Amino acid sequence: MKKSLKIYFIAIVLLTSLLLIFLWAHNKKVPIIIGFSAQLTGSQAELGVQERNGVQLAVEKINESGGISGRNISLIVNDDRGIPRIAEIGDKELIEKGAIAIIGHATTAQTLEGLKVTNPANIIMIGATVSTPELSGIDDYFFRVHPSFKNSAQTFANHIYESNGITNMAIIYDKDNSSYSKTYSKVFSDKFKELGGNITEEITFSSATQPDFSPILSKLQDSKPDGLLIVASDVDTALISQRAKIIDKKIKLFTSAWAQTETLISKGGQAVEGMEIEQAYNLTNQSESFIDFKSKYKARFGNEASFGSAYSYEAMLTLAEALKKTKGSKDGLKQSLLEINDFNVLIDKISLDKFGDVERPYYISTIDEGKFKMINKFTSANTGGD
């Protein structure tokens, strides 16, 4: 009887061990599903495409290095088409397909809708290029590697007033992304007026209607501002610049980081020469890691990396660093991200605060002979803001 029990016990142990080995081996083969969502089609798709490419490049790097705890990352891509409702539906579908985190969206309006799905589901969303202060200081499941534009917009206003000697400014912004553009315009405007400047006109338009900018900008002929701040996508900023220069060839043009792509330069042509831009990323950085990234990006996708591709690449690397601690599980992922401190990305070290926000340097650049050329670098310690 004792012998039979002993044999039975050994058999149970062996079967249990085999089952655990099987489950372990099976788990090693099951990929970690990460979602990505941004606008990938339409006239304003350049930023979203660049972000998708950056994430894809990071995923390939991670998988080539052995993945996370031996498991590969599987990236599921969604096109939100630049429509908030589509973004919300797409994020729900990504979660249903098993995504344990989502990188996206490219712009604020879609992000706010997506968070209506991801926050209740306790699913991490990491914004690569979302910078509205409206999402700062909130304890939820939204994280970002891009800093809030509050300080940078104020610094930009100070730079235009002090360094350019401009006291009369007009502003035009795309109201379809008002959580970004309207807020940016207000932060900028408040600071500019505080300095003693005057906002002569505030013009809005809807990019969804693909407007003719000539009649929209006709107000500039009456108010005659010295400078024009454009808060819009790269394509619309290029078109507005061309029309503005026809109306007043001497007007000085400025734009926010939203337009910071090569498309702005290629489509804007001579009209954007000399334009100054509040830049989220120093694309002329000479660090070895950034030069290597740009080289691999161009070899992989055939074009130059933008700030969107760099930030999304960093977002994926940051997410992977947190997933290493959870061994690829979504359990504990939020806490793991909150513990990110002095993590080396492409050109900076980043730390996430208790709300998942980040402070990083930002830049003011100009377009000189078809290239972005840095004018100045700022940090939270020397913003010129309040």
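Visitor: Where is Asn122 found?
Guide: Asn122 is found in the loop between α4 and β4, the latter covering residues 124-127, and please keep in mind that this is a predicted model.

Visitor: And what is the phi of Asn122?
Guide: Phi of Asn122 is near 55 degrees, which is a positive value in a residue other than glycine. For background, most residues other than glycine have a negative phi.

Visitor: Is Asn122 exposed, partly exposed or buried, and why?
Guide: Asn122 counts as partly exposed because its relative accessibility is 42%, and partly exposed is the class between under 20% and over 50%.

Visitor: What about Lys327, where is that one?
Guide: Lys327 sits in the loop between α12 and α13, with α13 spanning residues 333-338. Lys327 is not a glycine either, although its phi is positive at about 55 degrees, and with a relative accessibility of 59% Lys327 counts as exposed.

Visitor: Changing topic to peptide bonds, which residues does a cis bond join?
Guide: A cis peptide bond joins Gly104 and His105, with omega at about -5 degrees, and His105 belongs to the loop between β3 (101-104) and α4 (108-118).

Visitor: Now the interior: which residues touch the most other members of the largest nonpolar core?
Guide: Those are Ile34, Leu228 and Met316, in a core of 98 residues. Helix α12, residues 307-326, gives the most to this core, contributing 11 residues.

Visitor: What is Leu228 in contact with?
Guide: Setting aside neighbours within four places in sequence, Leu228 is in contact with residues including Met169, Ile172, Leu220, Ile240, Ala244 and Phe254. There is also a second, separate core of 5 residues, among them Leu115, Val130, Leu135 and Phe142.

Visitor: How many cavities of 30 Å³ or more are there?
Guide: A search of the whole structure finds 2 of them, and the largest holds about 90 Å³ of space.

Visitor: Which residues are closest to the centre of the largest cavity?
Guide: Of the 13 residues in its lining, the closest to the centre are Ala106, Thr129, Ser131, Tyr180 and Trp258. By class, the lining of the largest cavity has 7 nonpolar and 6 polar residues, with no charged ones.

Visitor: And what volume does the second largest cavity have?
Guide: The second largest cavity has a volume of about 40 Å³, and its lining includes His146, Pro147, Phe149, Glu278, Tyr311 and Tyr362. By class, that lining has 5 nonpolar, 3 polar and 1 charged residues.

How values were computed
Residues are numbered from 1 along each chain as its sequence is written. This is a predicted model: local features need pLDDT of at least 70, side-chain atom pairs count only at pLDDT 80 or more; totals for chains, interfaces and linings use all residues. Side-chain values use heavy atoms; hydrogens and water are left out. A nonpolar core is a set of buried Ala, Val, Leu, Ile, Met, Phe, Trp, Tyr and Cys residues joined through side-chain atoms within 4.5 Å. Buried means under 20% relative accessible area, exposed over 50%, partly exposed in between (1.4 Å probe, protein chains only). Helices (H or I, at least four residues) and strands (E, at least two) are DSSP runs, numbered from the N terminus. Contact means heavy atoms within 4.5 Å. On a 1 Å grid over the protein atoms alone, a cavity is a set of points where a 1.4 Å probe fits but cannot get out, and a pocket is an open set with protein on both sides within 12 Å along at least five of seven lines; lining residues have an atom within 4 Å of a point. Grid points are joined across faces, edges and corners, and a volume is the space filled by probe spheres set on the points. Ala, Val, Leu, Ile, Met, Phe, Trp, Tyr, Cys and Pro count as nonpolar, Asp, Glu, Lys and Arg as charged, and the others, Gly among them, as polar.
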